[in-house]
Amino acid sequence: MPRPVSRPLPRPVSRGVVALLLSCALLLTTAGCGGDDTQNTSSAATPTASASFEQQKLAKTRFVANAGLAAGATYQWIVKPYRAGKFKKGADGRTLALVKAGLAGAFTYNRLKAATNNAKGDPLLSKAVAPLTAGIDSLKDLGTKLRKGEAGDADVGAFENIINSVKDAGKSAGAEVVDKVPSTSQLSGG
């Protein structure tokens with residue numbers, strides 16, 4: 001008796017079959033994981049002593065990372081070029097320096113806001129950073145001012161003072177901040 005010849009399914013049909021099988025497998029595995037959601041979330045929401053410790057440890061780590069990026073951006077693209085005279089009219093590379101300073105100003109503000117949110121996870125750090133929130137909020141529009149070339153000594157000094165205050169607050173709470181210069185792609189994305 002001759003053996004029947006098996007022919008492969010046409011490509012669109014075989015892809016559809018594979019997609020259907022994967023979808024069914026996914027539905028079956030997620031349905032098996034179901035249950036009473038309120039019961040699962042209530043047990044997961046109860047913090048334990050070790051979870052609290054880990055949360056505080058991560059709060060300090062995140063604070064250090066965000067504040068370090070803010071400090072690095074401020075020094076590299078605001079303070080250093082300003083002191084070198086790159087923001088003065090007629091200076092070589094002034095436009096690029098101003099654009100980078102504007103991005104760095106917005107980036108610094110964003111990272112400092114993130115750092116203050118991170119500090120809330122650690123009681124000592126939270127107390128140390130709390131008095132600085134008004135100063136950090138005052139930096140909000142300085143990025144635009146830098147980009148337009150309207151920033152002066154007081155504006156650049158404000159960035160430098162806030163960064164130094166955040167570093168001192170972190171150090172007093174056991175979270176020493178080290179400058180970390182972000183890349184230009186981080187500046188434009190963050």
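## Where the prediction is unsure

Across residues 24–50, pLDDT stays under 50, and the model gives this stretch zero contacts beyond four places in sequence. Keep in mind that this is a predicted model. Over the chain, the mean pLDDT is 79, with 69% of residues reaching 70 or more.

## Helix α8

Let's turn to a helix. Helix α8 covers residues 153–172, which makes 20 residues. At 1.5 Å a residue it should span 28 Å, and its end C-alpha atoms are indeed 28 Å apart, so expectation and model agree.

Several residues of α8 are buried, among them Phe159, Ile162, Ile163 and Val166. After the helix comes Gly174, which has a positive phi, near 85°.

## A buried threonine

Now find Thr108, in helix α4 (residues 94–119). Is Thr108 buried or exposed? Its relative accessible area is 0%, so Thr108 is buried.

Which residues does Thr108 touch, leaving aside neighbours within four places in sequence? They are Ala70, Ala73, Thr74, Phe159 and Ile163. Two of these names should look familiar: Phe159 and Ile163 are buried residues of α8. With Ala70 there is also a polar link: a polar atom of the Thr108 side chain lies 3.5 Å from the backbone oxygen of Ala70.

## One aromatic pair

The structure holds one aromatic pair. Its partners are Tyr82 and Phe87, whose ring centres are 5.8 Å apart; their planes meet at 55°, so the pair counts as tilted.

The two partners can also be described by their accessibility. Tyr82 is partly exposed, at 23% relative accessible area, whereas Phe87 is buried, at 9%.

Definitions and conventions:
Residues are numbered from 1 along each chain as its sequence is written. This is a predicted model: local features need pLDDT of at least 70, side-chain atom pairs count only at pLDDT 80 or more; totals for chains, interfaces and linings use all residues. Side-chain values use heavy atoms; hydrogens and water are left out. pLDDT is the predictor's confidence in each residue, from 0 to 100. Contact means heavy atoms within 4.5 Å. Rings of Phe, Tyr and Trp (its six-membered ring) pair if their centres lie within 6.5 Å; planes under 30 degrees apart count as stacked, over 60 as edge-to-face and the rest as tilted. Buried means under 20% relative accessible area, exposed over 50%, partly exposed in between (1.4 Å probe, protein chains only). Helices (H or I, at least four residues) and strands (E, at least two) are DSSP runs, numbered from the N terminus. The expected span of a helix is 1.5 Å times one less than its number of residues. A polar contact is a pair of N or O atoms within 3.5 Å; within protein, one must be able to donate a hydrogen and the other to accept it, and residues adjacent in sequence count only if both atoms are side-chain atoms.
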